Amino acid sequence: TSPQRLLALSEDYRLECIPGLQRAVADAAHAAAVASSDFGEGSTLAEFYQRELLPYFRLPRSWMFVLFPGGRRRRELLGRLQRLDRYLGPQGLSTVEELARLIQRKDDLDYHYAVQRRLQLLYAAHAALMWVLAILIAAHVPMALRFQGGM
């Protein structure tokens with residue numbers, strides 16, 4: 001199901017390019033949060049960014065996310081971000097929209113990375129098990145022929 005999951009997303013990314021794109025998204029989110037401090041309500045967004053979004057953008061996802069990727073964390077962050085609307089003016093609302101777009105982009109990149117990494121790990125496990133099986137076959141055939149009386 002992994003290839004179908006990747007095709008369902010809007011964009012396709014190479015595994016090697018994803019960390020650089022994640023850093024670019026994190027830098028854009030940081031710039032948006034810093035720019036929001038110039039507004040009157042900037043402390044609200046700056047505190048939310050510092051408390052909730054900075055770890056999300058800067059830290060990699062857990063290995064459990066690689067095994068079982070999902071969108072729960074994104075939905076939680078977007079919900080918390082939308083609850084700030086009542087404290088913000090028009091400029092703050094535009095920053096919230098920008099941050100929401102960046103959260104979704106980061107989640108898409110994380111999802112791509114998780115699914116592609118899982119495919120890579122499954123391929124490595126399959127290749128290792130195939131070689132183990134080939135060695136067992138190579139050892140089994142002479143033993144079977146010897147006990148049959150053929151050698």
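Helices here are DSSP runs of H or I with at least four residues, strands are runs of E with at least two, and both are numbered from the N terminus. Tyr113 sits in one of them, helix H6, residues 90-148. Before selecting anything, note that this is a predicted model: local features need pLDDT of at least 70, side-chain atom pairs count only at pLDDT 80 or more, and totals for chains, interfaces and linings use all residues. Residues are numbered from 1 along each chain as its sequence is written, and side-chain values use heavy atoms, with hydrogens and water left out.

**Stop 1: the whole chain**

Show the protein chain as a cartoon. Six helices and zero strands appear. From the N terminus the order reads α-α-α-α-α-α. The radius of gyration, taken over C-alpha atoms, is 24 Å, well over the 15 Å that the globule rule gives for 151 residues, so the chain is more spread out than a compact globule. That rule is 2.2 Å times the number of residues to the power 0.38. Now turn the C-alpha trace along its principal axes: the span is about 90 × 25 × 20 Å.

Switch to a surface. The protein chain exposes about 9900 Å², and carbon and sulfur atoms supply 62% of it. Accessible areas come from the Shrake-Rupley method with a 1.4 Å probe; for residues, only the protein chains shown count as cover. Buried residues make up 32% of the 151. Buried means under 20% relative accessible area, exposed means over 50%, and partly exposed lies in between (1.4 Å probe, protein chains only).

**Stop 2: the nonpolar core**

Select Leu45, Leu53, Phe57, Leu81, Leu99 and Ile103. Of the 24 residues in the largest nonpolar core, these touch the most other members. Such a core is a set of buried Ala, Val, Leu, Ile, Met, Phe, Trp, Tyr and Cys residues joined through side-chain atoms within 4.5 Å. Helix H2 (18-36), helix H3 (42-58), helix H5 (72-82) and H6 each give two or more residues to this core.

Centre on Ile103. Which residues does Ile103 touch, not counting those up to four places away in sequence? The partners are Leu53, Tyr56, Phe57, Arg74, Leu77, Leu78 and Leu81. Contact means heavy atoms within 4.5 Å.

**Stop 3: Asp107**

Stay on helix H6 and pick Asp107. Is Asp107 buried or exposed? Asp107 counts as buried, at 4% relative accessibility. Leaving aside neighbours within four places in sequence, Asp107 is in contact with Tyr56, Arg61, Gly70, Gly71 and Arg74.

**Stop 4: Tyr113**

Go back to Tyr113. Its relative accessible area is 30%, so Tyr113 is partly exposed. Beyond its neighbours within four places in sequence, Tyr113 is in contact with Leu15 and Ile18. Draw the C-alpha distance from Tyr113 to Leu15: 6.2 Å in space, with their positions 98 residues apart in sequence.

**Stop 5: Met130 and Ala134**

Follow helix H6 to Met130. At 42% relative accessibility, Met130 is partly exposed. Its C-alpha lies 50 Å from that of Gln82, 48 residues away in sequence.

Next, select Ala134, also in helix H6. Ala134 is partly exposed too, with a relative accessible area of 35%. Ala134 and Ala32 are 102 residues apart along the chain, and their C-alpha atoms are separated by 55 Å.
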